[in-house]
Amino acid sequence: MSLLATLQANLLSPIPLAFALGVIARLIKSELALPKDLYASLSIYLLFALGLKGGVELSHASLDAVMLPVGATLLIGTITPLLTYATMRYAGRFGAIDSAAMAAHYGSVSAVTFIAAQQFVQRVGTPAEGFMPTLLTLLESPGIHIALLIGAMQRAKLQKKSGVVGGAGIGTVLHEVLTGRTMILLVGGLVVGLLMGSSGWTAVSPFFDSGFKGALMLFLLEMGIVAGARLGDLKKVGPFLLAFGMLMPIVNGTIGALLGTWAGLSVGGVTVLATMASSASYIAAPPAVRLTLPEANPTYTLTAALAITFPFNILAGIPLYHTIAIALSARGL
């Protein structure tokens, strides 16, 4: 299937259509909005279901099959924040604090984008390995901490020059990230799924499996509304961040695809890993950045992550990474 055909098929699938409806609803100033409690419940359901299923699949995987993908994932978590920081700092000429904040967002991962990629590869007949949620969990945290370490060091230099003392310690940031809702649900779900195995999954799958796609559509509808609300901020971030929000995912996604292919993942697995590498966190990263780098401008980070990169990946990025994965597989890389 060509990139154009894959892109067309993706745009007419339930997830992008639900997201687009949310954006349109916001643009026409509709009163449509999911109740906050329902939005929170859907996010808990999706993340816990993802962790559970990943844990069950992990119980079937051998250590040999997982080792190289884990190594590739940790390498991605190291490369992407450093590359993002360098791009923002030296190509975009942004300040060190804002560059580090952006690196924290793009060094981490969007669980919703990951789920969308999982659904895409299943729909096109190239399902990913069952242990991919384990890789998602591994990628959630390292990039944030590498970026925040850079930012904290730069912030300390600035504070030393101005004689100011303060800011959250690295221990506080670590606790914030590791005990956040996303990590608890993903890691906890993986452990529960690993322990209960297939027999336990059979008992709960009617709830966690059958309703998953419908819940995801509702969640993406709300995400479309949220993204639509930030479209006005595009005027504030300027042309560089607009280009950055679309080109940086392609660069990071290509790195993810190369490392995923090297690690021996299937076409579907490479697509999902590339999508993870390309995505930007807007759940785990913002509170961590707020604690450590309070001077960082959230307009830059949230607009780039949520109003540019997230829609780009949902609508066009995932099919692009799938095409790259197929090309790499055909070349035997």
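Colleague: How do the residues of the lining of the second largest pocket divide into nonpolar, polar and charged?
Modeller: This is a predicted model, in which local features need pLDDT of at least 70 and side-chain atom pairs count only at 80 or more, while totals for chains, interfaces and linings use all residues. Residues are numbered from 1 along each chain as its sequence is written, and side-chain values use heavy atoms, leaving out hydrogens and water. The lining (residues with an atom within 4 Å of a point of the pocket, an open set on a 1 Å grid where a 1.4 Å probe fits, with protein on both sides within 12 Å along at least five of seven lines) includes Y39, R181, M223 and Y282. With Ala, Val, Leu, Ile, Met, Phe, Trp, Tyr, Cys and Pro as nonpolar, Asp, Glu, Lys and Arg as charged and the others, Gly among them, as polar, the residues divide into nine nonpolar, no polar and two charged.

Colleague: Which elements give two or more residues to the lining of the second largest pocket?
Modeller: Among the lining residues are M223, V226, P286, P287, L302 and L306. Counting helices as DSSP runs of H or I with at least four residues, numbered from the N terminus, the elements that give two or more are α11, α14 (285-292) and α15 (298-330).

Colleague: And which residues lie nearest the centre of the largest pocket?
Modeller: The lining of the largest pocket divides into 10 nonpolar, five polar and five charged residues, and α3 (36-58), α6 (111-123), α10 (181-208) and α11 (212-229) each supply at least two residues. Of the 20 residues in this lining, those nearest its centre are L50, K53, Q118, Q119 and Q122.
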